Amino acid sequence: MSKSIPSQSLLITGILLISINLRTSIASVGPLIPFIREDLGLSNGLAGFLTTLPLLTFATFSLFAPSIGKKLGMGRAVFLGIAILTVGVIIRVLGGIELLLFGTALTGIGIVIANVLIIPLIKVRLPHKLGLMTALLATMMSLFAAVAAGFSVPIAVDLGIGWRGSLSSWAVFMVVALLFWIPQLTRPKAGTQIGLGQAKNVWKSKLAWQVTIFMGCQSVMYFTLTAWLPDMLVSRGWSPVEAGAVSSIMQLISLVGSYFAPSILIRLKQQSGVILVVGLGYIVGFLGLFLDSELITYLCLAIIGLGMGASLSIAYTLISLRTSEDQTTAKLSAMVQSSGYYLAALGPILFGISLDIFGSWNILIWFLIFFSILFTAFGMAAGRDLKI
């Protein structure tokens with residue numbers, strides 16, 4: 001192997017380390033919202049905006065990610081994304097609401113640069129491991145989202161470092177990822193890099209929009225529930241630690257769906273049937289949350305967790321399966337994560353405002369059921385055996 005091309009084992013290790021940082025900065029916020037809100041005097045709407053803001057930056061800056069990847073090389077661009085994420089994680093705990101919002105915006109920019117480019121990077125550099133690496137990417141994201149959700153409150157309370165120390169502690173993993181990604185800063189030989197100039201116009205494709213709206217619906221459900229589930233459980237008498245723990249358990253269960261979904265999907269000519277099963281599971285799970293029962297809540301969140309893990313893997317896998325050219329894959333990845341996250345950005349803040357106005361947590365459940373129906377409809381369309 002040429003010295004200019006990093007070894008495959010280093011590349012796989014680097015991808016896994018990058019993936020563990022793509023959700024911790026967001027998942028760690030939800031359980032800490034009661035502490036942040038009390039410390040800074042935030043309204044429910046503004047508290048919800050803390051989770052919405054990264055999504056807005058995801059949506060906006062994902063459009064620029066392919067160009068950044070083409071200019072710098074995808075390896076260097078991914079490194080830049082994680083570096084920006086690290087700076088944002090530190091800045092957001094250094095002061096009041098202004099720095100909190102600015103740092104949070106930076107985290108979104110950093111995440112989306114890495115997130116958009118890592119999918120086509122896998123398809124180009126590890127095409128023979130597409131299913132496995134997509135599964136590992138989604139699984140590691142979900143695993144460390146669960147770790148962040150479950151440990152953020154204990155870190156803040158038990159270690160006595162507060163919400164600021166808890167949020168900033170996740171930067172350790174980002175620094176480790178940057179160090180291990182250094183070998184990828186060398187550009188690959190010609191022919192191993194994505195050429196973006198020949199991509200099809202995904203914005204005019206009906207199938208591309210179906211994949212995009214499917215991704216948007218799963219993102220709305222994930223980010224809204226991640227932001228507000230702990231607070232909803234606290235309102236039902238659960239302690240903040242218990243609420244964070246059950247969120248973590250839900251995320252851990254999602255690992256099953258994250259890991260196995262891609263290997264199932266790539267063996268099927270059409271993916272619509274799998275998506276229908278996942279969609280129905282969402283609806284059943286969310287309906288069960290109307291019942292204020294601890295046992296039923298655990299069972300329903302287990303079902304929802306399986307769906308969340310599977311739906312993220314399905315979305316990432318569809319980006320590769322619905323495209324023929326590598327260049328189109330990069331463009332579709334950018335489109336899906338731009339338009340999809342614009343849709344997702346509506347979730348946490350709209351519910352936060354609704355909670356301020358109506359004071360009812362049932363609105364959250366109906367909100368999630370509505371998007372489950374859209375998820376199923378557009379997902380079944382996107383799951384057909386077609387190419388953009």
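The bend at a residue is the angle between two axes, one fitted to the seven residues ending there and the other to the seven starting there. By this rule, a kink of about 40° is found at Trp-228 in helix α11, shortly before the proline Pro-230. Helices are DSSP runs of H or I with at least four residues, numbered from the N terminus.

The structure is a predicted model, in which local features need pLDDT of at least 70 and side-chain atom pairs count only at pLDDT 80 or more, while totals for chains, interfaces and linings use all residues. Residues are numbered from 1 along each chain as its sequence is written, and side-chain values use heavy atoms, with hydrogens and water left out.

**Two kinked helices**

The expected span of a helix is 1.5 Å times one less than its number of residues. Helix α11 (residues 206-235) has 30 residues and should span 44 Å; the computed distance between its end C-alpha atoms is 42 Å, which agrees. For helix α7 (residues 97-125), with 29 residues, the expected span is 42 Å and the end C-alpha atoms are 42 Å apart, again in agreement. Helix α7 carries a kink of about 30° at Ile-118, shortly before the proline Pro-120.

Burial is judged by relative accessible area: under 20% is buried, over 50% is exposed, and values in between are partly exposed (1.4 Å probe, protein chains only). In α11, 25 of the 30 residues are buried, so this helix is largely enclosed by the rest of the structure. In α7, 24 of the 29 residues are buried, so α7 is also largely enclosed by the rest of the structure.

**Buried residues and their contacts**

Contact means heavy atoms within 4.5 Å; the contacts given here do not count residues up to four places away in sequence. Thr-212 belongs to helix α11 and counts as buried at 1% relative accessibility. Its contacts are Met-335, Val-336, Ser-339 and Gly-340.

Ser-338 is part of helix α15 (residues 326-358). This serine is buried, at 2% relative accessibility, and touches Ala-59, Ser-62 and Leu-63. Between Ser-338 and Leu-99 there are 24 Å in space, C-alpha to C-alpha, and 239 residues in sequence.

Leu-53, in helix α4 (residues 44-61), is buried with a relative accessible area of 11%. The residues that Leu-53 touches are Leu-101, Thr-104 and Ala-105. Leu-53 and Ser-338 are 285 residues apart in sequence, and their C-alpha atoms are 13 Å apart.

Ile-275 is located in helix α13 (residues 272-288) and is buried, with a relative accessible area of 0%. Its contacts include Phe-214, Ile-314, Leu-318 and Phe-375, and also Thr-376, Gly-379, Met-380 and Gly-383. Ala-83 lies 192 residues from Ile-275 in sequence and 35 Å away in space, C-alpha to C-alpha.

**Salt bridges**

A salt bridge is a side-chain nitrogen of Lys or Arg within 4 Å of a carboxyl oxygen of Asp or Glu. Under this rule the count is two salt bridges, as listed below.

| Salt bridge | Closest N and O atoms |
|---|---|
| Arg-37 with Asp-231 | 3.0 Å |
| Arg-164 with Asp-39 | 3.5 Å |

In the pair of Arg-37 and Asp-231, Arg-37 lies in helix α3 (residues 33-40) and Asp-231 in helix α11, so the pair ties together parts that are 194 residues apart in sequence. Arg-37 is partly exposed at 22% relative accessibility, whereas Asp-231 is buried at 8%.

In the pair of Arg-164 and Asp-39, distant parts of the chain are linked: Arg-164 is in helix α9 (residues 162-169) and Asp-39 is in helix α3, 125 residues apart. Arg-164 is partly exposed at 26% relative accessibility, and Asp-39 is partly exposed with a relative accessible area of 43%.

**A nonpolar surface patch**

Patches are made of residues with over 30% relative accessible area and no salt bridge; like charges are joined within 9 Å, and nonpolar side chains (Val, Leu, Ile, Met, Phe, Trp, Tyr) within 5 Å. Accessible areas come from the Shrake-Rupley method with a 1.4 Å probe, and for residues only the protein chains shown count as cover.

One nonpolar patch of about 590 Å² is formed by Leu-132, Val-256, Tyr-259, Phe-260, Ile-264, Leu-268 and Leu-306. Helix α12 (residues 240-265) gives the most to this patch, with four residues. Tyr-259 lies in α12 and is partly exposed, at 34% relative accessibility.

Technical notes. Helices (H or I, at least four residues) and strands (E, at least two) are DSSP runs, numbered from the N terminus.
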